[in-house]
Structures are given as C-alpha cells and as structure tokens.
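Hi,

Here is the structure I promised to pass on. Have a look at it first, and then read on for what turned up in it.

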Amino acid sequence: MSVEIFYDDDADLSIIQGRKVAVIGYGSQGHAHALSLRDSGVDVRIGLPEGSKSRAKAEEEGLRVLTPAEASAEADLIMILAPDTKQRHIYTEDIEPNLKDGDAIFFGHGFNIRYELIKAPANVDVAMVAPKGPGHLVRRQFVDGKGVPCLIAVEQDPSGNAQALALAYAAAIGGARAGVIKTTFKEETETDLFGEQAVLCGGTSALVQTGFEVLTEAGYAPEIAYFEVLHELKLIVDLMYEGGIDRMRYSISDTAEYGDLTRGPRVVTPAVKEEMRKILGEIQDGTFAREWVGEDEEGRSNFRKLQEAGAQHPIEETGKKLRGLMSWVDRPITETA
Ligand SMILES: NC(=O)C1=CN([C@@H]2O[C@H](COP(=O)(O)OP(=O)(O)OC[C@H]3O[C@@H](n4cnc5c(N)ncnc54)[C@H](OP(=O)(O)O)[C@@H]3O)[C@@H](O)[C@H]2O)C=CC1
Ligand SMILES: CC[C@](O)(C(C)=O)C(=O)O
Ligand SMILES: [Mg+2]
Ligand SMILES: [Mg+2]
C-alpha cells in the first residue's frame, strides 16, 4: 500500500497565515506548535485555565494567553494540545459553545476522535497534525532548520479545504521539511499507541532496565552497565536513524554483528511478538483506551505508583551521576517549556 507524502513545495503557507489559531495547552507539543507557528507568521493565541502553571512560560515568550473558552471564541482554528484524558471536558465546556460555521478543530493525536470521546458538529472541519516526535524536539529541530515528520488526517471536511489547511499547519511547524504523510485518525491513533507502548517507550525502557539489572546482579559495575545499555543505545540508534539497521551493522564489529544476528531473536522471542500482537489487539478493540480513561477518572493512583517505581530504579541514580560529568549530554530538554 503506497502513501502520499508531501513536502514544503506542496504546502501553501498563506492558508494557515490567513487563520486565527488557538493552541489549547502549552506543554510538550503546545509550546512547540505555538512558537513555530508564530515564527512562520501565523496569528496565534494560547488557551490555558486561569490557574495553569504553563501560563507564565507562554507569557515569557510574549504569547497572548487567554482562557480556553476565550481563545476558542476568538479563533477560527482550534488546535487541542491538552492531555488526551482532559480533551473531552475542555471540548464540551470551552470549545463546543464557541464553535462557528467554518471553524476547524485540530488534534495532535487521534485518541479522542478514534475512541469517540469527542463528536464535533458537522459544520466544522476536523483534522489532525501529529508530529512523529516529542514536542521539545519538534521545536528544537524547527529552530535548527530541520523538521520532525508529521501525519495529517481529515475526519470532517465541510469547507472542502481541510487537507490543504492541515498541510499548511504541518509546514508551519517544520513537518514538511521532513515529510508529511496523509493517514486516518484510526491509523495514526493505533500505530502511535502501539509504537509508544511496544517499542519506543515501553519496549525500550523495559529492555534497558532489564539489561542493566542482569549486568549489575551478576556483579558488574553499575557505571559500566549504564554506559553499555543506555548511553551507547543513543549512539547505536543514531546510526539506525541515519542509515537504517544496515548502516548500524556496517559500523559495529563483526563480533557484535554475529551476536546481534544470533542473540537478538533469543531476546525478542516469538512469545514477545505474540505479546506485541496482544497489545495491538487491546489498542484496536478499545481495551487500552477504556483502561487509561478509567485510570485518569479514578485519580491516576496506579499510574503514580508505577511512575514512582520507575524513578526509583537504580539505573536512574547511576545515570544522574554520569550525565552530570558530561556537560554536553545533560542539556535542558528545552529553554521554554
Ligand atoms: N508529548 C509529545 O511529544 C506528543 C504528544 N502528542 C499529543 O499532543 C497532545 C498534548 O500532549 P503533550 O504535549 O504531551 O501534553 P503536556 O502534558 O506536555 O501538556 C499539556 C498542556 O495542557 C495544559 N492543560 C491542562 N489542562 C488544561 C485545560 N483544562 N485547558 C487547557 N489546557 C490545559 C497543561 O497546562 P498545566 O501546565 O496547567 O498542566 C499543559 O500546558 C496529546 O494529544 C498528545 O497525545 C502527540 C505527539 C507527541
Ligand atoms: C513516543 C511517544 C509519543 O507518541 C510521541 C512523542 O510521539 C507521545 O505520545 O508522547
Ligand atoms: Mg507519537
Ligand atoms: Mg503518542
């Protein structure tokens, strides 16, 4: 199945420059979108509740901060970049009462549309611009003249212009420098959740922690274990990022490559693949979404317990000490949010 990929030359920035954009939320993605939209000549305001701790950060950047309801009323394109579990409440209380004919509601991830937590009226465009990377790096890459690839999708298109608008928005935050792929809310939501759970965040964190435990429990120095399974992971992944698994294998020793080819499949066994399929199934049938929304409604107690256990893992203490000795590694994640 082939996909459509768009680049800067395919996008018409003037379409987004002609809109009044409200960015609701100023966290990882919100600050990146807002600042890059502004740098691209777009009229942006931020929507945050009165007591929000993000307000000061946005104001320090000279952005105009309103309440979510005021920002939605003023804007004709509302990008919702608040936490996924909060979006349906913000939509009902602050956005829906302020929607006008011809407005557009945008999302950075398809969760609330895919799982039918938000249902927009037929007279507004509903689209998505989902960067395939953490917000702080979306901003850092934009500033460096690069870009993080984005997915765009259109759920409702009464204007007939929603795709061009989404592409222009993606270009304004740097996405079209790297490539913008057209998809659906369903495909983005399911692949994004699978990627973060099984590979990028869940799979990788568990792999690194387990490798660290095996080495230190066998009596090796934690510092050596840290360099081996976490620090060097970035350098190995850099090679994969630049030239695929093939280039990484070209650069490593043939001893490492033989170990990679013969031992890798013993770590990620058919049972692990089967578990990945189960995880995908829970995403597809809505089990994960119900669990997460329920966890949030219940007050996130289990989530917090798991976060604390993660922060207590011995690899964190070792890493803190070692990163402190490498000034170029321990750089602040962002200057602004
Ligand atoms: N993190 C990422 O890199 C990625 C995120 N996404 C998607 O982007 C969206 C935003 O996620 P992310 O950037 O991680 O979110 P963050 O948790 O980093 O930031 C959320 C922001 O929303 C604000 N907020 C909280 N409640 C409200 C409210 N009632 N009204 C308005 N603003 C509110 C928070 O303010 P306060 O300071 O007061 O808490 C904060 O500024 C999600 O849909 C996510 O799936 C997509 C791709 C990657
Ligand atoms: C990998 C996690 C992510 O999907 C992202 C940064 O793309 C997220 O939801 O934060
Ligand atoms: Mg993602
Ligand atoms: Mg995600």
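The centres of domain 1 and domain 2, taken over C-alpha atoms, are 31 Å apart. Domain 1 covers residues 5-183 and domain 2 covers 195-323. Before you go further, please keep in mind that this is a predicted model.

Now the sheet. It is an open one with nine strands and mixed pairing, and if you walk across it you meet the strands in the order β1-β9-β8-β7-β6-β5-β2-β3-β4. The edges are taken by β1 (5-6) and β4 (65-66); each has a single partner strand, so one side of each has no neighbour in the sheet. At the β1 edge, the partner is β9 (residues 180-183): the two strands run antiparallel and are joined by two bridges. If you want a spot to click on there, Phe6 sits opposite Val180 of β9.

Helix α8 (residues 162-172) packs on this sheet too, and touches β1, β6 (104-107), β7 (125-131), β8 (150-156) and β9. The direction of α8 makes about 30° with that of β7.

Next, have a look at β5 (residues 77-80). Which of its residues are buried on one side, and which on the other? Leu77 and Met79 are on one side, Ile78 and Ile80 are on the other, and all of them are buried, which leaves both faces of the strand covered. As for its neighbours, β2 (residues 20-24) runs parallel to β5 and is joined to it by four bridges. In that pair, Ile24 stands opposite Ile80. Strand β6 is also parallel to β5, again with four bridges between them. There, Leu77 has Ala104 of β6 as its bridge partner.

On to the ligands. Ligand 1 has 26 residues around it, and those that come nearest are Gly25, Gly27, Ser52, Ser54 and His109. Sorted by type, the shell has 12 nonpolar, 11 polar and three charged residues. Helix α2 (28-39) and strand β7 each supply at least two of the shell residues, and α2 gives the most, with three. Recall that β7 is also one of the strands that α8 touches.

What surrounds ligand 2? That shell is made up of Gly133, Pro134, Asp192, Glu196, Leu200 and Cys201. By type, it splits into three nonpolar, one polar and two charged residues.

Last, two backbone oddities you may run into while scrolling through. Glu116 has a phi near 55°, which is a positive value in a residue other than glycine. You will find Glu116 in the loop between α6 (111-114) and β7. Is Glu116 buried or exposed? With 10 other C-beta atoms within 10 Å, Glu116 falls under the limit of 12 or fewer, so it counts as exposed.

The other one is Arg300, which is not a glycine either but has a positive phi of about 65°. Arg300 lies in the loop between α15 (287-297) and α16 (301-311). Arg300 has 14 C-beta neighbours inside 10 Å, so it counts as partly exposed.

That's the tour. Shout if you'd like to go through any of it together.

Cheers

Technical notes. Residues are numbered from 1 along each chain as its sequence is written. Chains are lettered from A and ligands numbered from 1 in the order in which they are written. This is a predicted model: local features need pLDDT of at least 70, side-chain atom pairs count only at pLDDT 80 or more; totals for chains, interfaces and linings use all residues. Two strands pair if DSSP finds at least two bridges between them. Two residues are in contact if their C-beta atoms, placed from the backbone, lie within 7 Å. Axes are lines fitted to C-alpha atoms, for helices over the stretch in contact, and angles run from 0 to 180 degrees between N-to-C directions. A residue is near a molecule or strand if its C-beta atom, placed from the backbone, lies within 6 Å of it. Ala, Val, Leu, Ile, Met, Phe, Trp, Tyr, Cys and Pro count as nonpolar, Asp, Glu, Lys and Arg as charged, and the others, Gly among them, as polar. Domain bounds come from an automatic or database domain assignment. A residue is buried if 20 or more other C-beta atoms lie within 10 Å of its own, exposed if 12 or fewer, and partly exposed in between; C-beta atoms are placed from the backbone.
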